[in-house]
Amino acid sequence: MADLGIDRATADLPQQMTLATAMAGYCPGGRFDPDDMLARLRARYLQARAAGLAGARIAGETGWAARGVPGAERIVECESRINDLVVQTPITIMCQYDLRLFDGAMMFEVMNVHPVMIVGGHIIRNPFYQRSA
Amino acid sequence: MASATPDDGSALSATVLGRLLVIQQAIDAMPDEARIAAFVRRALLALPGIADAYVHLDGHTQAPNRRMAVLYEHCRRTLPMAAGGDLQDHAGSRACFPVESSGQRFGWLVLLVDDAPTLQPYLAFLANISGTIGRIIASRRYQARLAELNEELREMRDTLEERVAERTRELDYRTTHDPLTGLASRVLLVDRLRSAIAAARRENLMVGVVYLDLDPFKFMNSGLGNACGDLFLRETARRLCALVRAGDTVARVGSDEFVIVLAGLDSVERSGAYLSALHAAVREPVKLAGKDVVVTCSIGACVYPLDGEEPELLLRRAGTAMHRAKIAGKDSIRFYASTRDAAVTERMELETELRQAIPTGELAVYYQPKLDLASNTFGGAEALARWVHPKRGLLPPGDFIPVAEDSALIVALGEQVLLQACRQARCWKDAGLGQKSVAVNIAARQLREDGIVDTVKQVLRDTGLAPECLELEVTESSIMHDLDHASDLLYQLKGLGLSISIDDFGTGYSSLSALRNFPCDKLKIDRSFIHEIETASSAAAVTLAVISFAKTLGMRVNAEGVETPGQAHFLKKHGCDEIQGFLLAEPVPADQIQALLRQAPAWQPAAQ
């Protein structure tokens, strides 16, 4: 963190940055539920705002979804609904998928629900993305 | 939707182009061919005009549905393998793109087209996608093959290096070791001898070089065969190695010749003990072909630095000595400097005889009574070892104790004397002589043995002697050698209830300060001072000082070697507690001591 110029010692709020395991972040009860997930994301944003911060950014690893965690089949649904969430709650979310863990069709489905993607090192609008009506 | 117009006038959609671009870029990110196929198929279904898609990559993709299977078969059969050229087939309802690179085909991209005009503008881009897949697959397979070859090369190199190292080790070993016995060869022997000489020079010690030649060995080979000869040599090597220490070297330098380097010797006599042991070991019968075979050997020895300082010279001189042993009749030992032969030979013989004397009861214990000057009665006696030698007669301790101490026989000898003395003292009690004590000498080497406390405990138990009737005498020099260990040991011995005396006091350069903390009951003034107390004021002064020192610390004082009434009077006058010596009685055998203890002493102090 120091190499990145992030000096936690001088952070105004001790909880401005938190780290958690992927399971704790996505499936705190051992099960993945999109409603709970979205509620936690919303709450996190509101906490940040209440603390006087400009917003919140969240990055998560999704490898757990390839391990048969109950509810994992709803991850694409959740990804899709995040697009609606960020309209009301301008939170920045980056989801990381290890291509070695998911099959090609699954990767397309995931890609399909993200409005923005990084291709060849460039951030572009996803041409496959179609906002649900 | 943004669009562009290709050359043929059809419209291109930016969105579709964007999708095709994303597909092309994403292919490289897919980790394997199965994922490539699945992703591309799914992504292509999002393009207009494509009803279904199938990406076949040989060996990596699942079977298609039935209609795509038909299309795939058609593509596969009708579009031949050819170098370069346009192999694409776009026939209205289907589009087939080979997945290939550099003339190698990996599979097919097969599309079921439901709107050919809409798809038409993008056919070239679709061809790019199949080409990209082909290039990526070719590149990855090439990289994988390269990694395989590198790994094979690495393994081959490692194997080769290991074989070279092993071969080098084998060659080194063969150069430095005898293949039959595993002993050092002459090359290694000279190297080790050189190192031993260097170490001895630094530490002011000696090195023994021993040349051992088996006597009738050629005779054995011709009689019993070479296989037996080899077995004998291996057994001989094993025996020689078992006798030497870790820092010594045993080498085979000829068919029946061995050289032994004895490093770090502190005396020539020490080498004599080894020579005797080596000689005896070779003579022990060896079982060969069901027979007990006895082979003797001739041994020659020389010593660094007395006989030379260079390895080659020492080896030559040891060999010369060995030849002298051969000429003298074989089965013998000779030193290079013949003046050493007689003394060392005699010593070796004595040691051999002493080794046999201990278990066969040739050792006898004599007793010299000690007079208590206060009561003018004999308080007990000192036990002294004697050797009833079958040929030489009664040998005093000075003739054999040094040999025993050099060879560790002293431990067994000391235990014998302790046992006999305790039995004798018990007899005194049983005979109504009261609590007479017996004093037993403990050698320095016995003090270094951890078992001495248990030995004494066992002897007291076996003989039933009361501990307070046993007095152990340790020399001043033996305890000063290792103060901490000696102190610990003496405390343990005192804990058994016996008493401790410091023998030969005044000769050991002891620290009086250290002695203050030792659990001693008595100091024995060395006879050399007693001998001169009437004639040399210095001897008298030392004697008085010792008495005063002992009294101050609450210890009793014994004077040994008292031979004249004048000496006895002096000692009594100045507070000595106990005396012994020829003035009172010579050491006598066990069957005479009881009578002596009952008698009034031969010397009586005059009334003062």
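Q: How is the area that chain B and chain A bury between them arrived at?
A: Buried area is the accessible area (1.4 Å probe) that two parts lose on being put together, summed over both, and for chain B and chain A this comes to about 1,300 Å², 72% of it on carbon and sulfur atoms. Val22(B), Arg35(B) and Arg42(B) supply 39% of the area that chain B buries against chain A, more than any other three residues. This is a predicted model, in which local features need pLDDT of at least 70 and side-chain atom pairs count only at pLDDT 80 or more, while totals for chains, interfaces and linings use all residues. Side-chain values use heavy atoms, with hydrogens and water left out, residues are numbered from 1 along each chain as its sequence is written, and chains are lettered from A and ligands numbered from 1 in the order in which they are written.

Q: What makes Glu109(A) and Arg42(B) a salt bridge?
A: A salt bridge requires a side-chain nitrogen of Lys or Arg within 4 Å of a carboxyl oxygen of Asp or Glu; the closest N and O atoms of Glu109(A) and Arg42(B) are 2.5 Å apart, so the pair satisfies the rule.

Q: Why is Glu33(B) called buried or exposed?
A: Buried means under 20% relative accessible area, exposed over 50%, and partly exposed in between (1.4 Å probe, protein chains only); Glu33(B) has a value of 11% and is therefore buried. Its salt-bridge partner is Arg141(B), at 2.9 Å from N to O, and Arg141(B), at 34%, is partly exposed.

Q: Why does Lys287(B) count as buried or exposed?
A: Lys287(B) has a relative accessible area of 59% and is therefore exposed.
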